[in-house]
Amino acid sequence: RAELSLTSCRCSGVGLALCRRLLEEDGRIHLCIACRNEQKSEATRDLILATHPAAQVSTVEVDLGNLASILRAARELRCRFRRLDFVYLNAGIMPNPHVNFKALWHGLLTGKVLHMLTTAEGIMTQTDRLNGDGLQEVFATNLFGHFMLVRQLQSLLCGNEKPSRLIWTSSSNARESAFSLSDYQHAKGQESYSSSKYATDLTSVVLNRKFNGQGLYSSVVCPGLVMSNMTYRILPVFLWKLLMPIMWLIRFFAKTYTLTPYNGAEAHVWLFKQKPEYLDSLVKYHSCTSGLGKCYVETRKMDVDEDTAEKLYQKLLELEEQTLEKYHDLLD
């Protein structure tokens, strides 16, 4: 069995846990891990081989926030492989996160605090900035970089003997209220992370409409609240240490408090075992954990408008065209 899985990951978090869990499911797969630089790639590969010494693990260097890096990585992958069976689109950033304690207090008084704590709705804001390509950094890294990579790998994903899969890491924080077609990069708001994840949901939906007939299927997952490097940047470390016992208690009431990267990868791994033809393209797959620590997957219908998805897709294609004109020297 020569399945090949391309996974964005780093030396910790859901990406690393996913790699290990995929190899536990099938040690015969060829796993290609994508990291921002060679040092991170090799460190992650060593961690995987420490627990799975016989695994086939290769690496590719790609910064999803850098368009030139994406084009170079895609060209390298096209040279190295004939097909990709799974692409896990897991890279993401949340720069300068801030907690709105006033909104949190209001949620406590109005009985909405559990909803706010499980979705971050109304209590999480970010300060975004432009990256080196002149794009909003969160949009570029969380969505457009992945979109460009998928488009550049289309020859490895479409028309194979068996279906290929895209599995995007979205979020329960993906909300229509944070997204606007007229500002799809979210340059004017303070919820760039939520906007980028809602745009991810829209993109997955429209990719299914465009490419299912060519054997490419797309799904979105939510890992739940995982204690990762991204999460730890929201509050000072000492506060997290004080809050952790409370968070374990909250898990009896909030099943999306997966907390550990292993638990957070549950939906990713579950999709690895499913036949894509039978999946609902309008469903998001949530990693959940019971209060006693049992992992399971819950399906929830996404609040997406297919017409909006199509319009966003056209805007992404226009932006892609501008990008390829700028970096034409990196194309085959």
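Start inside the fold, with the cavity: this predicted model holds one cavity of 30 Å³ or more. Its volume comes to about 40 Å³. To see the walls, select V150, R151, Q154, L207, F211 and L216, which line this largest cavity. Now colour the helices: α6 (137-152) and α8 (192-211) are the elements that each give two or more residues to that lining. If you colour by residue class instead, the lining shows four nonpolar residues, one polar and one charged.

Keep α8 on screen for the next stop. Select D201 and K284 and show their side chains, which meet in a salt bridge with an N to O distance of 2.8 Å. D201 belongs to helix α8, while K284 sits in strand β9 (residues 283-289), so this contact ties together parts that are 83 residues apart in sequence. Should you like to go hunting for others, a search of the whole structure finds 16 salt bridges.

Next, turn to the aromatic side chains. Across the whole structure, a search finds eight aromatic pairs. Pick out one of them by selecting F86 and F272: the ring centres are 4.8 Å apart and the planes meet at 40°, so the pair counts as tilted. Where do F86 and F272 lie? F86 is in strand β4 (residues 86-89) and F272 is in helix α12 (residues 266-272), so the pair links parts that are 186 residues apart in sequence.

Finish the tour on the outside. Switch on the surface and select L249, F252, F253 and L292, which make a nonpolar surface patch of about 540 Å². To place one member of this patch, go back to the ribbon and follow the chain from α10 (237-250) towards α11 (261-264): F252 is in the loop between these two helices.

Conventions. Residues numbered from 1 in each chain as written. Predicted model: local features only at pLDDT ≥ 70, side-chain atom pairs only at ≥ 80, totals over all residues. Heavy atoms only, no water. 1 Å grid on protein atoms, 1.4 Å probe; cavity = no way out; pocket = protein on both sides within 12 Å on 5 of 7 lines; lining within 4 Å. Points joined across faces, edges and corners; volume = space filled by probe spheres on them. Helix = DSSP H or I, 4+ residues; strand = E, 2+ residues; numbered from the N terminus. Nonpolar A, V, L, I, M, F, W, Y, C, P; charged D, E, K, R; others polar. Patch = residues over 30% accessible without salt bridge, like charges linked within 9 Å, V, L, I, M, F, W, Y side chains within 5 Å. Areas by Shrake-Rupley, 256 points an atom, 1.4 Å probe, with all protein chains shown as cover. Salt bridge = Lys/Arg side-chain N within 4 Å of Asp/Glu carboxyl O. Phe/Tyr/Trp six-rings, centres within 6.5 Å; stacked < 30°, edge-to-face > 60°.
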